[in-house]
Amino acid sequence: MTPQEIYTRLKGEFGESILSFEETVVDPFIVVAPESIADVGRYLAEGEALVFDFLMCLSGVDLSVKAEDLEVVYHLYSMTHRHNVVLKVIVHKENPRVPTVENIWKTANWHERETFDLYGIVFDGHSDLKRILLPDDWEGHPLRKDYKEPDFYRSMRVPY
Amino acid sequence: MAAPKPESKFIELKPFTDEMVVNMGPQHPSTHGVLRLELKLDGEVVREAIPHIGYLHRCFEKHSENLSYPQIIPFTDRMDYIAAMNQNWGFCLAVEKLMAADEKKGFEVPERAEYLRVLICELNRIGSHLLSFGTYGMDIGAFTPFLYAFRDREKILLLFEKICGARLTYNYVRIGGVSRDMPPQFLDEVKEFIDYFEPKIDQYNSLLTDNEIFMERTTGVAVMDNAMAINYGITGPNLRGAGSQWDLRKDEPYSIYDRFDFDVAYGKEIPEIGAVLGDCWNRYKVRMDEMKESVRIIRQILEGDIPDGPIMAEMKAVRPPKGEIFFRSEAPRGELGFYIVSDGTPKPVRVRAKSPCFTALSALQELSRGLMVADIIAIIGSIDIVMGEVDR
């Protein structure tokens, strides 16, 4: 299935929750409303002729300092049918919350923890949402563009 | 009066042990880097093994946002430092594909460079699998394979030193080609190495793979079936060990892999020795078989003609068009993906590295439940992680 066909099918199934389809970039992506990403994910993973059983990558994106939104990008692949699709969820920088897809693809468990760690996006329903790469008592989320590193961490100087 | 019978409270029929928490690592020779495992033990049985990572986090993704595309390549070297050539290549492939989206900026990588890339990366794959084989033996308790593996890996490193001057972090594959051409007689030396190395694989198989003690430790241990592997997003030899024949070099051929004749190594069920699909032994065996396939590819390069010509595409500054791309390539440890978001400037907005070791390690908690402490060592060795790539 091409991304266009998948978009049409999702649009028919979920209607308003599928916000838009962007084709002009190199990898086309489908923008999904944050609250329905878990349902869309389950439909894609289990739906007939879709079977997206493989989550290749889950990443957070912050486009610029001025941007008001953060993005979560899901790269999906179907080992059965050998097609792929990219989903995108856009959330506001203030209080970003997205439902977890950990129950669909276990890959998401650690990837969501990483995205939470580095972007501060909260994944609702995640079984163990805590920092993974940085220490537990680190302040701030470093991959945000407006991040300022602290001068000291546990009385050690941070900037080198 | 008869002596009193001993009361049963002196004989413990069902000993009760408290849960004990043991920290394995961060500095431990068999954790392959700086990994801390929080083991919750019931006697010698593992109730829960919780990995704690991040000790080698060097902010690759944050650094990348402040660097131009060619400047990022040396940082990829430091991710999986055992197979740095493959990491360079994975990143360059992603950038090249992004640039190809714009007709004016797209370019063709010269044939000679493609052949050099395949040659070098397959050599690096052998070197990486050799290290995995050697250290796995050492983890399990056999010291000799380690010495043999490092002896042979040294020969590969010497070849790399001749072609790019470095032994560990190469920065050899560049966007549009490779950094320098082969020195004279390089191909003869590769041939000499391959002729020397090919019979050694069988020797190593008889030394370790078919060793009774080794098999006892690894067959049937920590079985990860195909469905579980896919659900965890596990790729590379770990997925193929579960019986899948998924290999990007074959299934979604990039570069010039479609010109070579090679088979995909995958795990097999062998009841005589107790090997089950997806156990530690099969994951390990896939790597041994893969080395043979890499030798086959290299032989085809040596026997065919490497075309003359430039080793670098002609292009202006590396400035990909606005857009985003996710590209994955088959590194020795699995699918290495790069997700790049570009806004048309010389610096990327976002570079995300999808590390195969990161996903493989995330399955450890489920794999190790209910096994013995010693089996944890066998699992970590068999999923072959490099912490530099897990933490990035």
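In chain A, β1(A) and β2(A) pair in the antiparallel sense, over four bridges. The connection between β1(A) and β2(A) is a hairpin of six residues. For one pair across it, take E22(A), which stands opposite F29(A) in β2(A). Before I go on, a caution: this is a predicted model.

That hairpin belongs to an open sheet of five strands, in the order β1-β2-β5-β4-β3 (chain A), and the pairing in it is mixed. Which strands stand at the edges? They are β1 (18-22) and β3 (54-61) of chain A; each has a single partner strand, so one side of each is left without a neighbour in the sheet. From one strand to the next, the twist averages 20°.

Next, the inner strands. Strand β2 (residues 29-32) of chain A runs parallel to strand β5 (residues 84-92) of chain A, and three bridges join the two. I can give three residues of β2(A) with their opposites in β5(A). I30(A) stands opposite L87(A), V31(A) stands opposite K88(A), and V32(A) stands opposite V89(A). As a general point, side chains in a regular strand alternate between the two faces of the sheet.

On its other pairing, β5(A) meets β4(A) in the antiparallel sense, over nine bridges. β4(A) and β5(A) also form a hairpin, with six residues between them. In that turn, R82(A) has a positive phi of about 55°. L87(A) comes up again here: it is the bridge partner of Y74(A), and, as I said, it stands opposite I30(A) as well.

Now the helices that lie on this sheet. Helix α1 (residues 3-14) of chain A lies across β1, β2 and β5 of chain A, and runs at about 170° to β1(A). Helix α2 (residues 37-46) of chain A lies across β2, β4 (69-77) and β5 of chain A, running at about 175° to β5(A).

That brings me to where chain A touches chain B. How many residues does each chain give to the contact? Chain A gives 24 residues and chain B gives 28 residues. On the side of chain A, the elements that give two or more residues are β3, β4 and α3 (107-119) of chain A. The largest share, six residues, comes from β3(A), which is one of the edge strands of the five-stranded sheet. By class, this side of chain A divides into 17 nonpolar, four polar and three charged residues.

Over to chain B. Three strands form an open sheet there, in the order β1-β2-β3 (chain B), with antiparallel pairing. At the edges stand β1 (19-24) and β3 (45-52) of chain B, each with a single partner strand, so one side of each is left without a neighbour in the sheet. Neighbouring strands of this sheet are turned by 20° against each other on average, direction ignored. Strand β2 (residues 36-42) of chain B pairs with β3(B) over seven bridges, in the antiparallel sense. One pair from that ladder is E38(B) with its bridge partner I50(B) in β3(B).

I50(B) also leads to a residue elsewhere in the chain. Q365(B) has its place in helix α13 (residues 364-368) of chain B. What does Q365(B) touch, leaving aside its neighbours within four places in sequence? It is in contact with E48(B), A49(B), I50(B) and P51(B). Is Q365(B) buried, exposed or partly exposed? It has 17 other C-beta atoms within 10 Å, and is therefore partly exposed. A further distance, C-alpha to C-alpha: Q365(B) and V223(B) are 13 Å apart in space, and 142 residues apart in sequence.

Last, a helix pair in chain B. The axes of helix α4 (residues 111-140) of chain B and helix α5 (residues 144-164) of chain B come within 8 Å, and they cross at roughly 155°. α4(B) and α5(B) are therefore roughly antiparallel to each other. The crossing of α4(B) past α5(B) is left-handed. Residues making the contact include I120(B), L123(B), G127(B), L130(B), G134(B) and M138(B) of α4(B). From α5(B), they include P145(B), A149(B), D152(B), R153(B), I156(B) and I163(B). By class, the contact of α4(B) with α5(B) has 14 nonpolar, four polar and two charged residues.

That is what I have on the two chains.

How values were computed
Residues are numbered from 1 along each chain as its sequence is written. Chains are lettered from A and ligands numbered from 1 in the order in which they are written. This is a predicted model: local features need pLDDT of at least 70, side-chain atom pairs count only at pLDDT 80 or more; totals for chains, interfaces and linings use all residues. Two strands pair if DSSP finds at least two bridges between them. Axes are lines fitted to C-alpha atoms, for helices over the stretch in contact, and angles run from 0 to 180 degrees between N-to-C directions. Two residues are in contact if their C-beta atoms, placed from the backbone, lie within 7 Å. Angles under 35 degrees count as roughly parallel, over 145 as roughly antiparallel, 65 to 115 as roughly perpendicular and the rest as oblique. A crossing is left-handed if the near helix is turned anticlockwise from the far one by less than a right angle, and right-handed if clockwise. Ala, Val, Leu, Ile, Met, Phe, Trp, Tyr, Cys and Pro count as nonpolar, Asp, Glu, Lys and Arg as charged, and the others, Gly among them, as polar. A residue is buried if 20 or more other C-beta atoms lie within 10 Å of its own, exposed if 12 or fewer, and partly exposed in between; C-beta atoms are placed from the backbone.
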